[in-house]
Amino acid sequence: MSLRYFNQTGWTAIFNGTDTEIGRMVRVEGWDQATGTALVVDPKRGALRAVTDYEDFSHLERADQVVAAVPGGGWRVHWKDEGPGGTPLTEQVLAWLITSQGRAMAITVDAQGRTWRSRLP
């Protein structure tokens, strides 16, 4: 699982795309106090905008919320097909992210300690 599925509100807006814009997932940043409509950042306007203002808005999906981080404590994760060419890969766990749904997601580092990946085991 990618960190793009996490946000503070616990919701992601799904857009189908148009002739000029591809389909996309956008974090819900808040809610309109008058209408209760989900708000997302409109980068062109530089402001929050209601999802219903977009012609290609499809629906909202639940996103996980990170509620805690726990040190990796010597844990390792083993992936059957995440290595080069779909080979097995074992990585050291730097930390575990704990979600509001009670799931733990491993934050790992590669053998050189330079890059990190995040996945649900």
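Contact means heavy atoms within 4.5 Å. The structure is a predicted model, in which local features need pLDDT of at least 70 and side-chain atom pairs count only at pLDDT 80 or more, while totals for chains, interfaces and linings use all residues. Residues are numbered from 1 along each chain as its sequence is written, and side-chain values use heavy atoms, with hydrogens and water left out.

**Exercise 1. Determine which strands form the sheet that contains S1, and which of them stand at its edges.**

Solution. Strands are DSSP runs of E with at least two residues, numbered from the N terminus, and two strands pair if DSSP finds at least two bridges between them.

Step 1. The open sheet has 3 strands in the order S2-S1-S6, with antiparallel pairing.

Step 2. S2 (24-27) and S6 (57-62) each have a single partner strand, so one side of each is left without a neighbour in the sheet.

Step 3. Direction ignored, neighbouring strands of this sheet are turned by 30 degrees against each other on average; the axes are lines fitted to C-alpha atoms, and angles run from 0 to 180 degrees between N-to-C directions.

Step 4. S1 (residues 11-15) is joined to S6 by 5 bridges, and Ala13 has Leu60 as its bridge partner in S6.

**Exercise 2. Describe the surroundings of Ala13 and identify the core to which Ala13 belongs.**

Solution. A nonpolar core is a set of buried Ala, Val, Leu, Ile, Met, Phe, Trp, Tyr and Cys residues joined through side-chain atoms within 4.5 Å; buried means under 20% relative accessible area with a 1.4 Å probe, protein chains only.

Step 1. Apart from neighbours within four places in sequence, Ala13 is in contact with residues including Arg24, Val28, Val40, Val51 and Leu60.

Step 2. The largest nonpolar core comprises 7 residues: Ala13, Phe15, Val28, Ala38, Val40, Val51 and Tyr54.

Step 3. At least two residues of this core come from each of S1 and S4 (38-42).

Step 4. A second, separate core of 6 residues has Trp79, Leu89, Val93 and Trp96 among its members.

**Exercise 3. Place S4 in its sheet and establish which strands pair with S4.**

Solution.

Step 1. An open sheet of 3 strands is ordered S3-S4-S5, and the pairing is antiparallel.

Step 2. The edges are S3 (30-31) and S5 (47-50); each has a single partner strand, so one side of each lacks a neighbour in the sheet.

Step 3. S4 pairs with S5 over 4 bridges, and Val40 stands opposite Arg49 in S5.

Technical notes. Buried means under 20% relative accessible area, exposed over 50%, partly exposed in between (1.4 Å probe, protein chains only).
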